[in-house]
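Colleague: Got a minute to go through a model with me? I'd like to hear the reasoning behind the labels.

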Amino acid sequence: MGARHLLNLSDLGPGGLRRVLDHARARKLARSGLPNGTADSDAPLSGHVLASLFEKPSTRTRLSFDVAMRQLGGEAITLAAGGLQLGRGETIEDTSRVFTQFVDAVMIRANRHRDVEAFARVSGVPVLNGLTELSHPCQIVADILTVEETLGRKADGTLWAWVGDGNNVCNSIIEAAGLLGFRLRIAHPEGYAPDAGFVDAARARGAEVELTTSPEAAVAGADVVVTDTWVSMGDSDAEARLRDLKPYQVTAGLMAAAAPGALFLHCLPAHRGEEVTAEVIDGPQSVVWAEAGNRVHAQKALLLWALGKLD
């Protein structure tokens with residue numbers, strides 16, 4: 001049996017995603033009150049080493065994977081792609097074969113999803129996608145964990161609304177809707193739709209995924225409202241994006257159309273005055289800081305899943 005990779009959220013399967021979520025929550029509760037640098041009592045990854053490889057800037061992913069390994073009893077090595085022979089022309093496959101000799105798992109934040117797939121194809125250890133232009137699976141586990149602990153119920157059956165660019169984060173939320181069965185409405189301008197393959201796959205699982213150009217229609221009655229930056233890393237059309245997406249700003253007025261007590265999510269970094277107003281992201285419905293903090297608990301459960309310690 002080959003290494004267990006997490007390249008997209010669907011790699012977990014419905015049962016796997018639920019196990020990851022429940023384990024993340026249980027492990028978080030079990031260490032309540034401990035300093036962040038203290039290892040969990042069982043230290044399940046003692047002796048294990050994670051290599052985190054970054055081609056893109058990172059704050060939350062970098063911090064959460066490092067701290068996750070420390071809390072699980074293991075160690076983490078953080079590497080920038082430009083500081084490796086990869087930056088001088090060594091192939092992604094050869095780099096992967098070298099990593100396999102030294103570490104027990106690899107997390108990659110990459111410019112191109114196909115490079116993560118190529119790395120994983122020859123890797124003898126689990127590979128986790130820390131963000132590509134196509135998907136951001138680790139982020140969505142933290143999002144769902146935040147929603148469930150804040151609402152006090154499982155996400156299954158809730159109604160989510162995505163407003164803005166149908167980007168990598170949106171694609172992974174679509175996958176989550178297919179795996180868990182929550183309803184999802186996506187409001188986007190023409191030309192900014194999410195990946196059709198993700199939509200089709202979620203619908204094939206029975207998920208109710210609606211696409212619209214109306215933010216008001218998407219948000220109406222929603223339990224969760226999500227957005228993301230309009231200009232992502234690597235985008236070269238910032239001026240056009242800011243113009244096209246301006247009508248999709250999440251405002252207090254738009255949030256008022258959602259269900260009473262609806263939550264606001266944003267994976268961060270945020271640009272107040274662009275995709276969301278300060279009134280919303282810094283207001284009482286925003287759970288973005290809990291969402292950011294839950295990244296470490298999500299990573300811990302995902303690492304244990306990838307290393308075969310969650311079955």
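Colleague: Why is Ser-172 called buried?

Modeller: Buried means under 20% relative accessible area, with exposed over 50% and partly exposed in between, using a 1.4 Å probe and protein chains only. Ser-172 has 0% relative accessibility, so the residue counts as buried. Bear in mind that this is a predicted model, where local features need pLDDT of at least 70, side-chain atom pairs count only at pLDDT 80 or more, and totals for chains, interfaces and linings use all residues. Residues are numbered from 1 along each chain as its sequence is written, and side-chain values use heavy atoms, with hydrogens and water left out.

Colleague: Where is Ser-172 found, and what is Ser-172 in contact with?

Modeller: Ser-172 is found in helix α6, residues 168-180. Helices here are DSSP runs of H or I with at least four residues, strands are E runs of at least two, and both are numbered from the N terminus. Leaving aside neighbours within four places in sequence, Ser-172 is in contact (heavy atoms within 4.5 Å) with Leu-9, Ser-135, His-136, Pro-137 and Ile-140.

Colleague: Pro-137 and Ile-140 are among the buried residues of α5. What makes α5 largely enclosed?

Modeller: 12 of its 15 residues are buried, so the rest of the structure largely encloses α5.

Colleague: How do you know that the length of α5 agrees with a helix?

Modeller: The expected span is 1.5 Å times one less than the number of residues. For the 15 residues of α5 (137-151) that gives 21 Å, and the end C-alpha atoms are 21 Å apart, so the two agree. After the helix comes Gly-152, with a positive phi near 75°.

Colleague: Cys-138 sits in α5 too. Why is there no bond from Cys-138 to Cys-267?

Modeller: A disulfide is a covalent bond between the sulfur atoms of two cysteines. The cut-off used for calling one is a pair of cysteine sulfur atoms within 2.5 Å. The closest cysteine sulfur to that of Cys-138 is in Cys-267, 12 Å away, so that is too far for a bond.

Colleague: What about Cys-267, which cysteine sulfur is closest there?

Modeller: That one is in Cys-170, at 11 Å, so again too far for a bond. The structure holds 0 disulfides.

Colleague: And are Cys-138 and Cys-267 buried or exposed?

Modeller: Cys-138 has 0% relative accessibility, so Cys-138 counts as buried. Cys-267 has a relative accessible area of 10%, so Cys-267 is buried as well.
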